[in-house]
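Trainee: Could you take me on a close look at one part of this protein, strand by strand, and then show me what surrounds it? I'd enjoy one connected walk through it.

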Amino acid sequence: MARTVARVIVDALSELGVRQVFGVVGDALNPLTDAIRTTDDLEWVGCRHEEAAAFAASAQSQLTGALGVCMGTVGPGSVHLLNGLYDAAKSHAPVLAIAGQVPLAEIGSDYFQEVDNDALFSDVAVFRATVTSPDQLPRMLETAVRHARGRKGVAVLTVPGDLGDRELTADRPARFSLNPPVNRPDGAAVRRAAELLDRSERATLLVGEGARAAREDVLTLADRLAAPMVLTLKAKAGFEGDTNPFQVGQTGLIGNPAAAAALQDADTLVLLGTDFPYRDWYPEGRTVIQVDTEATHIGRRVPVDVGLVGDTGAAVRDLLDHLGAAPAGTEGARDRSHLEKAREHFDQWRAGQARLADPAHDKGLVGRIRSALDNRAHDIRPEALAAAVDRIAADDAVFTSDTGMATVWLSRFVEMRGRRRLIGSYNLGSMANAMPQALGAQSLDRERQVVAFCGDGGLSMLLGDLMTLKTYSLPVKLVVFDNRRLGMVKLEQEQAGLPEFGTVLDNPDFAAVAEAMGITGIRVTDPAEVESAVRRAFRSPGPVLLDVLTNPDEVAVPAKPTVEQGWGFAVAKVKEVVRSHGEPSGN
């Protein structure tokens, strides 16, 4: 008996190892969701919003490297997928989105809920097509999956509502060839890069997520070069921890001064598996070597002397084969003072951060003085909350973080040691990603600890999908940094000399909201109770929302603050004080 379009698609997803499909049911999807219902090893996860479904599918793809799948029905259902799919695209996550469409005969007639999906997804998808005949399958599905996997992006397959139940006239099993190639860089370029490194006296590595699979090779290179290793945020998982004596944390606005100095003090910069986009944070006038699988990424952030296009592991191993034991013209071992200076600076910075994270900080003299200026209400320091989570969370936990201040505190106080993993909207920078990405991560493994660092603005934007956690008994631990603000926007305004405006959030008691939904809710207002509350949250079965009232005036100082930023912040504070004494908000 010939299979239907829906059955061909669902059988292929099962054969590919897909275990969950995320979406919201609807008429055009009915044949597909019914096929999922009758497939033993494929689970439908019904979300409350399609954006959450796309974030969840993307998170699964980022964690496993396999295909993530989401679905949205005709019209608004497909439109709602867009933001989560943009996040997948910018994170280079292979995701297949199945989009519903009006009946085939009605396409082009401005039918009820009709949207041109091929146009809608034209910017976000590496492949998009509308099925117009059952006999286009399974070929069209194979093409979509190969594009998503081969180009590490989003593929969108649109299925009209009256096509899912139609049978193929020439059925056959879907066939996928998905083995990724391992490309080696050009030999002459490797030799040239090795020559430059042999001349270098102070090399610094900037390491990104693209180097994770080559961890041991990268550590060997850092040792050979006596090079401090600056990490991008996405490289924290895999390169942090006591087993890496070279890393000095992150650079950029969320970074630290030791990492910034390690870049600035270098005479040679080696970029490994990263397309770190913030050009202002690259030092000028340095020799630069870049390794990336994409030729189009070479030199687009900073001028490059040698570009090595290929697999990071293969490139680093080739470099190691050609490197000398010490810089050209010297004898003995390579000087390690550049590395030692960077590590000492990093350790000093971490010690200072640890003092801020101490729950007793505000009881000391310095803490009391500081609190009088920026924490008169004695709210909980977000540093203390993040540090407590770091101490208590499992060494194989999966973390997600909302864009904004929640990511700052995670970056600085949560170490991705052991088998910890980290997912966030670190390329698109979307709000509201942490909770739905945690939903996807927890669906993969209901026994593994999953912790979402949620901003109060991000959580409330997709609040409805808390019910999805409850419905599917997903034991995600939601840590809410409840500062009643859009914190990063507030900081941006104040650094520009503007008083904060439009950032104040009239929040509910999120713990009470969670309890009303059948989820364990814990609210914390006393700094002395943070540690015990985190332990209780992590011990409690099922999903838990930990609502912690944090200080809205906590400032995350950039790695290399400018005079202009400091002056702007001071001016903004003066304006805020004046306004608080009666100045109309429009002035």
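Mentor: Happy to! Let's start at a single bridge: Thr204 is paired with Leu269, its partner in strand E10. Keep in mind as we go that this is a predicted model. Thr204 belongs to strand E7, residues 203-207, and the strand is mostly covered, with five of its five residues buried. Looking at the two faces of E7, you find Ala203, Leu205 and Val207 on one side and Thr204 and Leu206 on the other, and every one of these residues is buried.

E7 has pairings to follow in two directions. With E10, residues 268-272, the strand runs parallel, and five bridges join the two. With strand E8, residues 229-231, E7 is again parallel, here through three bridges. If you want a position to click on for that second pairing, take Leu205, whose bridge partner in E8 is Met229.

Now let's set E7 beside another covered strand, E4. Strand E4 spans residues 95-101, and seven of its seven residues are buried. One face of E4 carries Val95, Ala97, Ala99 and Gln101, the other Leu96, Ile98 and Gly100, and both faces are covered. Ala97 is a handy landmark here, as you can follow bridges from it into two strands. In strand E3, Cys70 stands opposite Ala97, and E3, residues 68-72, pairs with E4 in the parallel sense over five bridges. In strand E6, Val156 is the bridge partner of Ala97, and E6, residues 154-160, pairs with E4 over seven bridges, also parallel.

Stepping back from E4 gives us the sheet. Six strands form an open sheet in the order E2-E1-E3-E4-E6-E5, with parallel pairing. At the edges stand E2 (43-46) and E5 (125-130), and each has a single partner strand, so one side of each lacks a neighbour in the sheet. On average, and ignoring direction, neighbouring strands of this sheet are turned by 20° against each other. Over at the E2 edge, the pairing is with strand E1, residues 20-23, and four parallel bridges make it up. Val21 faces Trp44 of E2 in that pairing. Helices pack on this sheet too. Helix H3 touches E1, E3 and E4, and its direction makes about 170° with that of E3. Helix H5, residues 82-90, touches E3, E4 and E6, and its direction makes about 145° with that of E6.

H3 deserves a closer look. Ser58 sits in this helix, and at 0% relative accessibility it counts as buried, because the cut-off for that label is under 20%. Setting aside neighbours within four places in sequence, Ser58 is in contact with Asp87, Ala88, Ala93 and Val95. Val95 is a residue you have already met on one face of E4.

H3 also has a helix partner. The axes of H3 (residues 50-64) and helix H17 (residues 434-444) come within 7 Å and cross at roughly 50°. That angle makes H3 oblique to H17, and the crossing is right-handed. From H3, the residues that meet H17 are Ala52, Phe55, Ala56, Ala59, Gln60, Gln62, Leu63 and Thr64, while H17 brings Pro436, Gln437, Leu439, Gly440, Ala441, Ser443 and Leu444. By class, the contact holds nine nonpolar residues, six polar ones and no charged residues.

For a second helix pair, try H9 and H12. The axes of H9 (residues 215-225) and H12 (residues 312-322) come within 9 Å and cross at roughly 35°, and this crossing is left-handed. H9 puts Asp217, Val218, Thr220, Leu221 and Arg224 into the contact, and H12 adds Gly313, Val316, Arg317 and Leu320. The classes here are four nonpolar, two polar and three charged residues, whereas the H3 and H17 contact has no charged residues.

To finish, some numbers for the whole protein. It has 23 helices and 18 strands. Of its 587 residues, 57% count as buried. Among contacts between residues at least 6 apart in sequence, 73% join residues at least 24 apart.

Notes: Residues are numbered from 1 along each chain as its sequence is written. This is a predicted model: local features need pLDDT of at least 70, side-chain atom pairs count only at pLDDT 80 or more; totals for chains, interfaces and linings use all residues. Side-chain values use heavy atoms; hydrogens and water are left out. Axes are lines fitted to C-alpha atoms, for helices over the stretch in contact, and angles run from 0 to 180 degrees between N-to-C directions. Angles under 35 degrees count as roughly parallel, over 145 as roughly antiparallel, 65 to 115 as roughly perpendicular and the rest as oblique. A crossing is left-handed if the near helix is turned anticlockwise from the far one by less than a right angle, and right-handed if clockwise. Contact means heavy atoms within 4.5 Å. Ala, Val, Leu, Ile, Met, Phe, Trp, Tyr, Cys and Pro count as nonpolar, Asp, Glu, Lys and Arg as charged, and the others, Gly among them, as polar. Buried means under 20% relative accessible area, exposed over 50%, partly exposed in between (1.4 Å probe, protein chains only). Two strands pair if DSSP finds at least two bridges between them.
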